[in-house]
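Q: Hey, can you walk me through this protein? I'm new to reading structures, so plain words please.
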Amino acid sequence: MTEREELLKAAGERHSVRSYTAEPISASDREKLLALIAESNTAGHLHLQLIENDPTAFTRGMAHYGKFSGVTNYIALVGRKSDSLSERLGYYGESIVLHAQLMGLNTCWVGLTFKRNPGRVDIGEGEVMKGVIAIGHGATQGVAHKVKAEKDVMRVRGGEAPAWFTEGVRAALLAPTAVNQQKFRFTLIDGKVKAEAGWGFFTKMDLGIARYHFELGAGRSDIWL
């Protein structure tokens with residue numbers, strides 16, 4: 001099985017998990033995560049950070065509402081302020097999420113349900129933290145989310161949709177989004193794809209996550225307008 005096939009399989013098996021056990025992330029998995037984060041920071045011009053053994057981020061306010069428990073490890077989603085930051089965080093963050101799934105780790109994208117600006121996160125001048133990804137060994141494997149119909153998130157201008165486009169849409173529908181809103185659209189125009197985010201909370205980050213899934217399904221990245 002190729003890496004792409006493994007990641008596609010992980011995309012179908014991975015579900016959001018909010019409750020975690022006390023089992024620590026192993027040294028070998030930590031090394032892999034740090035390498036993935038370093039690669040993502042370079043490629044995406046980001047400042048993602050793995051924070052371990054810090055129970056403070058999920059101990060107040062919305063953490064109770066979000067029903068999180070046992071969260072002590074997370075990836076801080078940090079980068080320099082820009083219009084494209086949220087989408088880049090989503091794209092590269094989801095790559096780490098699916099690779100973590102292959103390691104046997106569970107994850108959950110978190111926007112509003114954590115304590116803002118945990119003290120252990122390095123946020124430089126001109127940078128902002130947009131959220132975190134809870135990560136660790138889940139008490140459960142989570143449950144699948146409902147998905148929209150393909151026709152609700154795709155458009156084709158002229159002709160029939162090629163197989164790679166349809167497979168990309170199908171993979172995108174497996175992507176996690178805030179409150180499962182799936183407010184994204186992919187339009188095929190003369191062999192290229194226009195990706196658009198709808199209105200709502202975290203839709204730009206959601207679009208980045210969906211774009212990563214789309215590329216996995218399509219098997220190519222040279223498609224974007």
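A: Sure. Let's start with a term: a residue is called buried when its relative accessible area is under 20%, and exposed when that value is over 50%. Keep in mind that this is a predicted model.

Q: OK, try that on Ala 171. Buried or exposed, and why?
A: Ala 171 has a relative accessible area of 6%. The limit for buried is under 20%, so Ala 171 counts as buried.

Q: Where does Ala 171 sit?
A: Ala 171 is part of helix α5, which covers residues 163-172. There's also a contact across the chain to look at: the C-alpha atoms of Ala 171 and Gly 217 are 5.1 Å apart, with their positions 46 residues apart in the sequence.

Q: And what about a spot on the outside, like Pro 24? Why does it count as exposed?
A: Pro 24 has 54% relative accessibility, and the cut-off for exposed is over 50%, so Pro 24 counts as exposed. You'll find Pro 24 in the loop between α1 (3-13) and α2 (27-44).

Q: How far is Pro 24 from Thr 203?
A: From C-alpha to C-alpha they are 32 Å apart, and in sequence they are 179 residues apart.

Q: Let's zoom out. How many helices and strands does the chain have?
A: The chain has six helices and seven strands. Starting at the N terminus, the order is α-α-β-α-β-α-β-β-β-α-β-β-α.

Q: What does the radius of gyration say about the overall shape?
A: For 225 residues, a compact globule would have a radius of gyration near 17 Å, and the chain has 17 Å, so the two agree. The C-alpha trace spans about 55 × 40 × 35 Å along its principal axes.

Q: How much of the chain is buried?
A: Buried residues make up 49% of the 225 residues.

Q: Now the sheets. What order do the strands take in the four-stranded one?
A: That open sheet runs β1-β2-β4-β3, with antiparallel pairing. Its edge strands are β1 (49-51) and β3 (106-110), each of which pairs on one side only. On average, neighbouring strands in this sheet are turned by 25° against each other, ignoring direction.

Q: So what's going on around β4? How many bridges tie it to β2?
A: Seven bridges join β2 (residues 74-80) to β4, and the two run antiparallel. One of the partnerships there is Gly 79 with Val 128 in β4.

Q: And how many bridges on the β3 side?
A: Five bridges, with β3 and β4 (residues 127-136) again pairing in the antiparallel sense. Along that pairing, Cys 108 has Ala 134 in β4 as its bridge partner, and Trp 109 stands opposite Ile 133 in β4.

Q: Is β4 mostly covered or open?
A: β4 is mostly covered, with eight of its ten residues buried.

Q: Which way do side chains point in a strand, generally?
A: In a regular strand they alternate between the two faces of the sheet.

Q: What's the order in the three-stranded sheet?
A: The order is β5-β6-β7, in an open sheet with mixed pairing. The edges are β5 (154-157) and β7 (192-197), each pairing on one side only. Here the average turn between neighbouring strands is 20°, direction ignored.

Q: How do β6 and β7 run?
A: β6 (residues 184-189) and β7 run antiparallel and are joined by six bridges. Phe 184 stands opposite Ala 197 in β7.

Q: Switching topic: which residues line the second largest pocket?
A: The lining is Ser 82, Asp 83, Ser 86, Lys 130, Gly 200, Phe 202, Thr 203, Lys 204 and Met 205. Helix α6 (residues 203-218) gives the most, with three residues. By type, the lining has two nonpolar, four polar and three charged residues. The volume of this pocket is about 170 Å³.

Q: Last one: what's the phi of Asn 53, and what about Gln 182?
A: Phi of Asn 53 is near 55°, a positive value in a residue other than glycine. Gln 182 isn't a glycine either, and has a positive phi of about 50°. Asn 53 lies in the loop between β1 and α3 (62-65), while Gln 182 is in the loop between α5 and β6.

Q: Is each of those buried or exposed?
A: Asn 53 counts as exposed at 60% relative accessibility, whereas Gln 182 counts as buried at 1%.

Conventions. Residues are numbered from 1 along each chain as its sequence is written. This is a predicted model: local features need pLDDT of at least 70, side-chain atom pairs count only at pLDDT 80 or more; totals for chains, interfaces and linings use all residues. Side-chain values use heavy atoms; hydrogens and water are left out. On a 1 Å grid over the protein atoms alone, a cavity is a set of points where a 1.4 Å probe fits but cannot get out, and a pocket is an open set with protein on both sides within 12 Å along at least five of seven lines; lining residues have an atom within 4 Å of a point. Grid points are joined across faces, edges and corners, and a volume is the space filled by probe spheres set on the points. Ala, Val, Leu, Ile, Met, Phe, Trp, Tyr, Cys and Pro count as nonpolar, Asp, Glu, Lys and Arg as charged, and the others, Gly among them, as polar. Two strands pair if DSSP finds at least two bridges between them. Axes are lines fitted to C-alpha atoms, for helices over the stretch in contact, and angles run from 0 to 180 degrees between N-to-C directions. The radius of gyration is taken over C-alpha atoms; the globule rule is 2.2 Å times the number of residues to the power 0.38. Buried means under 20% relative accessible area, exposed over 50%, partly exposed in between (1.4 Å probe, protein chains only).
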